[in-house]
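Colleague: I am new to this structure and would be grateful for a close look at a single part of it. Could you please take the loops in which the backbone has an uncommon geometry, and set them in the context of the whole protein?

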Amino acid sequence: MKRRHFIKNASLTGVGLAVGSALVGCAETPSEDKTSIAASPASLPLVIATWHVMDATAKAMEVLQSGGNALDAVEQGCMVEEANEKGQSVGKGGLPDRDGNVTLDACIMNKHGNCGSVVYLQNITHAVSVARKVMEDTPHVMLAGEGAKQFAMSKGFQPEDLLTEASKEAWEKWKVEAKYKPIINIENHDTIGMLAIDKNGDISGACTTSGLAYKLGGRVGDSPIIGSGLFVDNEIGACVATGLGEEVVKTVGSFLVVELMRQGKSPQEACEEAISRIVNKPNSDYKNFQVGYIAVNKKGETGSYAIHQWFSMTKFQNGVNEQIQSNYYHKS
């Protein structure tokens, strides 16, 4: 993803360099804030995603324009980034945990409120597709670890080594000092979360990540947790989160955003309120981590908001695929 070029041009040292080849949330200088623009029904279909992922949103829109539904669109859009080895954030080429294992988390949710999730999945590139299989082919919502891998293989997914040479090299450099500290808009990780509304006005969403780089083995963040990293209510709207997952989990962030929209708030207002719940907690350390939300309501109105500057949303609507800079809380 192009946003990661930011790291190459920065003078980060220590863990920043180790992580830098991996993750960044702020590559280019995006366009002005347009995150709360309303859309008429004629403006559908619509796709939004976290960060600068124009290839992914283009693929999702291709699916929608060809008559596909929102669920197919978000799955295939996320698969683009899962197969992007240079991205080092999701799927193949993702940065490993501190033991050198690439572990993936993902979830997906459809218009009916059905959902599927995988956590701590190894050696399978398209975690989001395995999550869909969990949703459609099992009575469960979540599968983990070796069980998730075996299920994926039973469904025809081919195992492969996800640790690329570039990610292995970054891990080897990190091990020299083996220090871990999240860096705002880098935070040793990244995520793609995607929401789509199809021509019928139906909403689906998906979220996939390789999680925090150099994390403790077994760590799981918000991305595969329904209600935290992703929530869809086809009567109201949907939300996905990115950033330091532990903080999103503590406030059940995506569910909160959707419920605020149910109460009458716009997507923009709901995202802002959800961020305020994090920063206004007693003893919040929000100055040292990033969380960002994107949301859409049934009308096709969108919103995005973050704690710090340089979070962005990619939006594809009315034939325009663009990166939109998010407004943010901490301006001092």
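Modeller: The account below begins with the whole protein and then turns to the loops. The model is a predicted one. The protein contains 10 helices and 13 strands, and buried residues make up 60% of its 332 residues. Among contacts between residues at least 6 apart in sequence, 67% join residues at least 24 apart. The protein exposes about 12,700 Å², of which carbon and sulfur atoms supply 49%.

As background to the loops, most peptide bonds are trans, and most residues other than glycine have a negative phi. Three places in this model may be read against that background.

In the loop between α2 (15–20) and β1 (46–50) lies P45. The peptide bond that joins L44 to P45 is cis, with an omega of about 5°.

The loop between β10 (302–306) and β11 (312–317) holds W310. Although W310 is not a glycine, its phi is positive, near 90°. The relative accessible area of W310 is 33%, so this residue counts as partly exposed, a class that lies between the limits of 20% and 50%.

On the other side of β11, in the loop that leads to β12 (320–325), is N318. N318 also is a residue other than glycine with a positive phi, here about 55°. Its relative accessibility is 55%, and N318 is therefore classed as exposed, for which the value must be over 50%.

Notes:
Residues are numbered from 1 along each chain as its sequence is written. This is a predicted model: local features need pLDDT of at least 70, side-chain atom pairs count only at pLDDT 80 or more; totals for chains, interfaces and linings use all residues. Side-chain values use heavy atoms; hydrogens and water are left out. Helices (H or I, at least four residues) and strands (E, at least two) are DSSP runs, numbered from the N terminus. Buried means under 20% relative accessible area, exposed over 50%, partly exposed in between (1.4 Å probe, protein chains only). Contact means heavy atoms within 4.5 Å. Accessible areas come from the Shrake-Rupley method with a 1.4 Å probe; for residues, only the protein chains shown count as cover.
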